[in-house]
Amino acid sequence: MERFAGKKVLLTGAATGIGRATALRLAGEGARVFAVDLNPEIPSHPDITPHVADVADEEQVKTAVAQAAKELGGIDTLINVAGIHKTTPLATLSLADFRRLLDVNLLGTFLFCREAMPYLVESKGVVVNTASTSATHAHPYMTGYAASKGGVLAFSLSLAAEVAPRGVRVVTVSPGGVVTPLMSSVTFPEDVDASFYGRIMPQVGFGEPEAIAGTIAYAASADGAYLTGVELRVDGGSHV
Ligand SMILES: NC(=O)c1ccc[n+]([C@@H]2O[C@H](COP(=O)([O-])OP(=O)(O)OC[C@H]3O[C@@H](n4cnc5c(N)ncnc54)[C@H](O)[C@@H]3O)[C@@H](O)[C@H]2O)c1
């Protein structure tokens with residue numbers, strides 16, 4: 001498939017997991033991808049330009065968006081995937097950790113949307129933001145993460161309505177359990193009751209990053225042309 005031939009994609013979180021799989025998927029479908037991550041190990045590919053930046057830093061985001069537009073000759077697709085996670089009971093969730101979850105997951109998404117929007121209006125482009133099933137379903141010991149992802153979903157729905165008259169689509173993709181470094185880093189403290197999670201296991205096994213990349217590619221492509229202001233939950237039936 002060459003659905004992204006000639007497309008100019010700005011993508012965050014490209015070094016590992018879902019973002020990495022998405023960068024490779026879109027480049028494989030013909031896109032030129034400006035790939036941002038804090039981790040410099042962004043995949044090497046002739047159509048992927050790596051750029052190291054912290055999505056939570058306003059000046060670094062401004063620089064990344066300006067460089068992406070210069071390198072690509074505009075931006076028609078913005079995909080926010082960068083994110084962090086924290087699992088802990090409320091009592092031990094520090095203010096610094098809560099703030100960092102909001103800064104990276106929510107404010108990072110906001111900053112990229114705000115800075116890239118003039119280019120997306122120009123191109124009548126598309127935004128795909130990454131939330132989580134935590135945005136709409138109870139996940140104990142993940143309150144800070146859930147708050148940040150609920151914010152991403154709410155932000156994206158309102159943004160979709162705001163920019164639809166200017167021809168820009170905004171879609172939220174909410175993955176369930178996907179086998180990535182982020183999921184491997186989830187550890188519960190010894191004394192927590194993890195039985196809740198036994199009731200929300202995926203019915204078809206944990207997902208691979210490529211499955212989420214495929215959904216993001218669908219949402220961002222012309223195949224998703226009638227999608228906006230919608231959340232696509234991709235969770236293997238864990239939250240039916
Ligand atoms: N894996 C899952 O089960 C799952 C479930 C629901 C939602 N998600 C969401 O999917 C997205 C991707 O997660 P993943 O599982 O692929 O995790 P991951 O850890 O493999 O990838 C996250 C990427 O974001 C980058 N990143 C983190 N902080 C950054 C920052 N401040 N600036 C720039 N880059 C930064 C990391 O370096 C990494 O490359 C995240 O937003 C995550 O919350 C994942």
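## The sheet

In this predicted model, seven strands come together in an open sheet, and their pairing is parallel. Reading across the sheet, the order is β3-β2-β1-β4-β5-β6-β7. Strands of a sheet are held to each other through backbone hydrogen bonds, and they can pair parallel or antiparallel.

Which strands sit at the edges? They are β3 (48–52) and β7 (230–234), each of which pairs on one side only. On average, neighbouring strands of this sheet are turned by 15° against each other, with direction ignored.

You can follow one edge in more detail. Strand β2 (residues 32–37) runs parallel to β3, and five bridges join the two. Try finding Asp37 in the structure: its bridge partner is Val52, in β3.

## Two pockets

Next, look for empty space. Rolling a probe the size of a water molecule over the atoms shows where such space is left.

The largest pocket has a volume of about 1,000 Å³. Of the 46 residues that line this pocket, the closest to its centre are His85, Tyr145, Thr180, Leu182 and Met183. Which helices each supply at least two residues of this lining? They are α1 (17–28), α3 (95–123), α4 (143–163) and α5 (181–184).

The second largest pocket has a volume of about 200 Å³. Its lining has 14 residues, and those nearest the centre are Lys7, Lys124, Val126, Arg169 and Ala220.

Here is how the two linings divide by residue type:

| Pocket | Nonpolar residues | Polar residues | Charged residues |
|---|---|---|---|
| Largest pocket | 24 nonpolar | 18 polar | four charged |
| Second largest pocket | five nonpolar | four polar | five charged |

## Aromatic rings

Now for the ring-shaped side chains. The model has four aromatic pairs. One of them joins Phe110 and Phe155 edge-to-face, with 6.3 Å from centre to centre and 85° between the planes. Phe110 belongs to helix α3 and Phe155 to helix α4, so this pair ties together parts that are 45 residues apart in sequence.

Are these two rings' residues buried or exposed? Phe110 is partly exposed, with a relative accessible area of 31%. Phe155 is partly exposed too, at 24%.

The rings of Phe196 and Tyr197 also make a pair: their centres are 5.9 Å apart and their planes stand at 80°, so this pair is edge-to-face. Phe196 has 24% relative accessibility and counts as partly exposed, whereas Tyr197 has 11% and counts as buried. The cut-off explains the split, because buried means under 20% relative accessible area.

Phe196 and Tyr197 also belong to a wider group, as ring pairs link Tyr141, Phe188, Phe196 and Tyr197 into a cluster.

## A loop residue

Finally, turn to Val192. Where does this residue lie? Its place is in the loop between α5 and α6 (195–198). Is Val192 buried or exposed? Its relative accessibility is 15%, so it counts as buried.

Val192 and Pro140 are 52 residues apart along the chain, and their C-alpha atoms are separated by 9.5 Å. To picture this, find both residues in the structure and trace the chain from one to the other.

Definitions and conventions. Residues are numbered from 1 along each chain as its sequence is written. This is a predicted model: local features need pLDDT of at least 70, side-chain atom pairs count only at pLDDT 80 or more; totals for chains, interfaces and linings use all residues. Side-chain values use heavy atoms; hydrogens and water are left out. On a 1 Å grid over the protein atoms alone, a cavity is a set of points where a 1.4 Å probe fits but cannot get out, and a pocket is an open set with protein on both sides within 12 Å along at least five of seven lines; lining residues have an atom within 4 Å of a point. Grid points are joined across faces, edges and corners, and a volume is the space filled by probe spheres set on the points. Helices (H or I, at least four residues) and strands (E, at least two) are DSSP runs, numbered from the N terminus. Ala, Val, Leu, Ile, Met, Phe, Trp, Tyr, Cys and Pro count as nonpolar, Asp, Glu, Lys and Arg as charged, and the others, Gly among them, as polar. Rings of Phe, Tyr and Trp (its six-membered ring) pair if their centres lie within 6.5 Å; planes under 30 degrees apart count as stacked, over 60 as edge-to-face and the rest as tilted. Buried means under 20% relative accessible area, exposed over 50%, partly exposed in between (1.4 Å probe, protein chains only). Two strands pair if DSSP finds at least two bridges between them. Axes are lines fitted to C-alpha atoms, for helices over the stretch in contact, and angles run from 0 to 180 degrees between N-to-C directions.
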